[in-house]
Amino acid sequence: LYPARQFQIISSYNSNNQLKIIHLKEILSLSPLISIPQIPSTASNLYENQRLQNLIIKSPIHSTIDLRHQNLTDDDMDFIVQQTIINKQSKELWLQSNKITSIGLSIIAKGLNNNTSLEVLILHDNQFGDTGIQSLTKILSLNTSILKVLGLESTGITDEGVSYLAEMLKTNKTITVLGLSFNRISDRGVKLLANVIACYNESLQWLHLNSNKLITDASVDDLIEMIKQNQTLQAVIMNDCSLTDYGINKLRKITEINTNFILDL
């Protein structure tokens, strides 16, 4: 970096484990102290990913933009947010199976602030973990977005990430489908979610928790209470967890009371 460059802090996160992540964006300095030599075109700051640009250009306004398996990284996220969420006003954005980390997710989260078009965001198979979830839930808690479907399967979420999601669900009024399959959520995380959904949330309709191997029979009573108390929840998907036959049968009894409820075990 040359001297006298100026930056804006976009976000910061302290993991309390001798690791702090600070996301910076370079901005134009009003009072440059030195003359900075011209950067050669081979090292241009302009975003260049012609293949990605072509994919987005072909997509009509207010459409679904499918960017699955495109080897995308955090460096692509500013461009994607600007072009898909802001310019194209996409209804659905699929970013499954890329290389997005917590830094990239923080950029996406900021793009959701005051979002009036995007209803479906699929982020499966990206390893941003709990740190990324924290930045995302901060924005979704504000209710400045109309996002309805949030796919977070296989993204490295643990009970810590679930605690951020639970806090978000206390105030969020738009999310109807939440996908949390294939993560590392345990009974503690289920209890956090179940208590919030039972007592606070009135918008969530589908909850996907399947293939979280740390979920056991210890979650059954909390789930039953959640289903009894919440009036908007329509389905809980929990197959391939670590429930015993006893726990499964106990849960299934709730569908005898509410025959319209979908419980996939």
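Start by selecting Ser11, Ser12, Tyr13, Ser106 and Ser135: among the 16 residues that line the second largest pocket, these lie nearest its centre. The model on screen is a predicted one. The space in this pocket amounts to about 240 Å³. To see where the walls come from, colour β1 (6–14), β2 (20–27) and α3 (102–112), and α4 (129–140). Each of these four elements supplies at least two residues of the lining. Sorted by class, the lining holds eight polar, six nonpolar and two charged residues.

**The whole chain**

Zoom out to the full trace. The protein has 265 residues, of which 48% count as buried. Its secondary structure comprises eight helices and 10 strands. Measured off along the principal axes, the C-alpha trace spans about 75 × 45 × 30 Å. A contact map would show that, of the contacts with a separation of 6 or more, 81% join residues 24 or more positions apart. With a surface displayed, the accessible area comes to about 14,000 Å², and carbon and sulfur atoms hold 50% of that.

**Helix α5**

Next select residues 159–171, which form helix α5. From first C-alpha to last, this 13-residue helix reaches 19 Å, close to the 18 Å expected at 1.5 Å a residue. Show the side chains of Asp159, Val162, Tyr164, Leu165, Ala166, Met168 and Leu169 and mark Gly161 as well; these residues of α5 are buried. In an α-helix there are 3.6 residues a turn, so residues three or four places apart point the same way. Which elements do the buried residues of α5 pack against? They pack against β1, α4, β7 (177–179) and α6 (187–199). Two of these, β1 and α4, also supply residues to the lining of the second largest pocket.

**Met226 in α7**

Move to residues 220–229, helix α7, and pick Met226. Is this residue buried or exposed? Met226 counts as buried because its relative accessibility is 1%. Setting aside neighbours within four places in sequence, Met226 is in contact with Ala194, Ile197, Ala198, Leu207, Leu233 and Val236. For a distance label, join the C-alpha atoms of Met226 and Cys199: they are 8.1 Å apart, with the two positions 27 residues apart along the chain.

**Asn210, ahead of α7**

Step back to the loop between β8 (206–208) and α7, where Asn210 is found. Asn210 is buried, with a relative accessible area of 11%. Beyond its neighbours within four places in sequence, Asn210 is in contact with Ser181, Phe182, Ile237, Met238, Asn239 and Cys241.

**Two loop residues with positive phi**

Finish with backbone torsions. Most residues other than glycine have a negative phi. Select His69, in the loop between β3 (64–66) and α2 (77–87). The phi of His69 is near 55 degrees, a positive value in a residue other than glycine. His69 is exposed, at 59% relative accessible area.

Then follow α2 to its far side and select Gln89, which lies in the loop between α2 and β4 (92–94). The phi of Gln89 is positive too, near 50 degrees. How exposed is Gln89, and what is its relative accessible area? Gln89 is partly exposed, with a value of 32%.

Technical notes
Residues numbered from 1 in each chain as written. Predicted model: local features only at pLDDT ≥ 70, side-chain atom pairs only at ≥ 80, totals over all residues. Heavy atoms only, no water. Expected span 1.5 Å × (residues − 1). Buried < 20%, exposed > 50% of the residue type's maximum accessible area, 1.4 Å probe, protein only. Contact = heavy atoms within 4.5 Å. 1 Å grid on protein atoms, 1.4 Å probe; cavity = no way out; pocket = protein on both sides within 12 Å on 5 of 7 lines; lining within 4 Å. Points joined across faces, edges and corners; volume = space filled by probe spheres on them. Nonpolar A, V, L, I, M, F, W, Y, C, P; charged D, E, K, R; others polar. Areas by Shrake-Rupley, 256 points an atom, 1.4 Å probe, with all protein chains shown as cover.
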